[in-house]
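Open your viewer and get ready to click along. At each stop you will find something to select and a short note on what is there.

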Amino acid sequence: MKKTVVTNKKQIIKKEEEKLEATSFVVVTFENVEEYISWFKNTAISNMINYKIPASITLAQGILESGAGKGELCKKANNHFGIKCHVGWEGASVYHDDDESQECFRKYNHPAESYRDHSLFLTSRSRYNFLFDLKEDDYKAWANGLKSAGYATDPKYPAKLIHIIERYKLYEYDNEALGRSPIKEEVVLYEAPSKSISNSEYEVVKGDTLYSISRKYNISVEDLKNKNNISDNALSIGQILKIK
């Protein structure tokens, strides 16, 4: 077998196995990444609609930073984007080795909170403002823009995001969020079944978002939030929602 030497932080190598090094080094299979995409694609699409961040970029960052959900920081803190505590963070935290030993990282109760915080992180800091002048489907410009704005120190960060997006065709989810020709429906492994409790209620399962539930029951996201007194887009597995 050809020997592969990993020399750079957050490196992804195209082989039968994907070798990802974000906040910790992990080896995952193509199927692991596909499974991760099936879990979080709807969340990324919903966040693109609400926050104007390309779904492809969100998913690629999630895959790289979390090691497709297998990384140590992701497992112990539900932190999918390697976001550090920073000044002003008042939520839970954990300490983890990254650029320096035992740095402070944000901790979340659920992956949906991490995805929402990633969107808020980019939309609330002035150094990222210029990204929102870019076309929503220009993932290459977004990847390079994230690096120039200081999201990551790795000089190859943009190339790694672009590689992931093109290898797994994540740009198709940008098109879906923008209302363009829908992607073909495929059999998705490990996707949790729907849990309709009654004609008027629904139990949230893994991978659900307000957007995906609204499409399933032909109701707008806004109506769904109003019926359930929801002020943001975070959902919890097992949560009961009124759908009628």
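## Stop 1: a residue in helix H1

Start by selecting asparagine 42, which is found in helix H1. Keep in mind as you look around that this is a predicted model. Is asparagine 42 buried or exposed? Its relative accessible area is 18%, so asparagine 42 counts as buried, since buried means under 20%. Now show what surrounds this residue. Leaving aside neighbours within four places in sequence, asparagine 42 is in contact with Gly207, Thr209 and Ser212.

## Stop 2: zoom out

Next, show the whole chain as a cartoon. You can look for nine helices and six strands. The chain has 244 residues, and 48% of them count as buried. Switch on the surface if you like: the accessible surface comes to about 12500 Å², with 46% of that belonging to carbon and sulfur atoms. Contacts are worth a thought here too. Among the contacts in the chain with a separation of 6 or more, 55% are between residues 24 or more positions apart.

## Stop 3: rings

Now display the aromatic side chains. How many aromatic pairs does the structure hold? There are 13 aromatic pairs. Select phenylalanine 40 and tyrosine 115 to see one of them: the ring centres are 5.0 Å apart and the planes are at 15 degrees, so this pair is stacked. Phenylalanine 40 lies in helix H1 (residues 30-51) and tyrosine 115 in helix H4 (residues 111-124), so the pair ties together parts that are 75 residues apart in sequence. Both phenylalanine 40 and tyrosine 115 are buried.

For another stacked pair, select tyrosine 139 and tyrosine 171. Their ring centres are 6.2 Å apart and their planes are at 20 degrees, so they too count as stacked. Tyrosine 139 belongs to helix H5 (residues 139-148) and tyrosine 171 to helix H7 (residues 171-177), so this pair ties together parts that are 32 residues apart in sequence. Check the cover over each ring's residue: tyrosine 139 is buried, with a relative accessible area of 13%, whereas tyrosine 171 is partly exposed, with 30%.

Before moving on, go back to phenylalanine 40 and add some company. Tyr36, Trp39, Phe40, Phe81 and Tyr115 form one aromatic cluster.

## Stop 4: two helices crossing

Two packed helices are described by the angle between their axes and the distance between the axes. Colour H1 and H4 to try this out. Their axes come within 11 Å and cross at roughly 35 degrees, and H1 passes H4 in a right-handed crossing. Which residues make the contact? On the H1 side, select Tyr36, Phe40, Thr43, Asn47 and Tyr51. On the H4 side, select Pro111, Tyr115, Arg116, Ser119, Leu120 and Thr123. Sorted by type, the residues of this contact are six nonpolar, four polar and one charged.

## Stop 5: a proline in a loop

Move along to proline 54, in the loop between H1 and helix H2 (55-66). At 0% relative accessibility, proline 54 counts as buried. Leaving aside neighbours within four places in sequence, proline 54 is in contact with Met48, Glu136, Trp142 and Asp174. Try a distance label from proline 54 to glutamate 136: they are 82 residues apart in sequence and 5.5 Å apart in space, C-alpha to C-alpha.

## Stop 6: helix H6

Select helix H6 (residues 157-167) and show its side chains. Which residues of H6 are buried? They are Tyr157, Pro158, Lys160, Leu161, Ile162, Ile164 and Ile165. Bring H2, H5 and H7 into view as well, since they are included in what covers these buried residues. Just after H6, click on lysine 169, which takes a positive phi of about 55 degrees.

## Stop 7: more positive phi angles

Most residues other than glycine have a negative phi. Two asparagines are worth a click here. Asparagine 78, in the loop between helix H3 (72-77) and strand S3 (93-96), has a positive phi of about 55 degrees although it is not a glycine. Asparagine 229 has a positive phi of about 50 degrees and is not a glycine either. To find asparagine 229, look in the loop between helix H9 (221-227) and strand S6 (240-242). At 73% relative accessibility, asparagine 229 counts as exposed.

Methods: Residues are numbered from 1 along each chain as its sequence is written. This is a predicted model: local features need pLDDT of at least 70, side-chain atom pairs count only at pLDDT 80 or more; totals for chains, interfaces and linings use all residues. Side-chain values use heavy atoms; hydrogens and water are left out. Helices (H or I, at least four residues) and strands (E, at least two) are DSSP runs, numbered from the N terminus. Buried means under 20% relative accessible area, exposed over 50%, partly exposed in between (1.4 Å probe, protein chains only). Contact means heavy atoms within 4.5 Å. Accessible areas come from the Shrake-Rupley method with a 1.4 Å probe; for residues, only the protein chains shown count as cover. Rings of Phe, Tyr and Trp (its six-membered ring) pair if their centres lie within 6.5 Å; planes under 30 degrees apart count as stacked, over 60 as edge-to-face and the rest as tilted. Axes are lines fitted to C-alpha atoms, for helices over the stretch in contact, and angles run from 0 to 180 degrees between N-to-C directions. A crossing is left-handed if the near helix is turned anticlockwise from the far one by less than a right angle, and right-handed if clockwise. Ala, Val, Leu, Ile, Met, Phe, Trp, Tyr, Cys and Pro count as nonpolar, Asp, Glu, Lys and Arg as charged, and the others, Gly among them, as polar.
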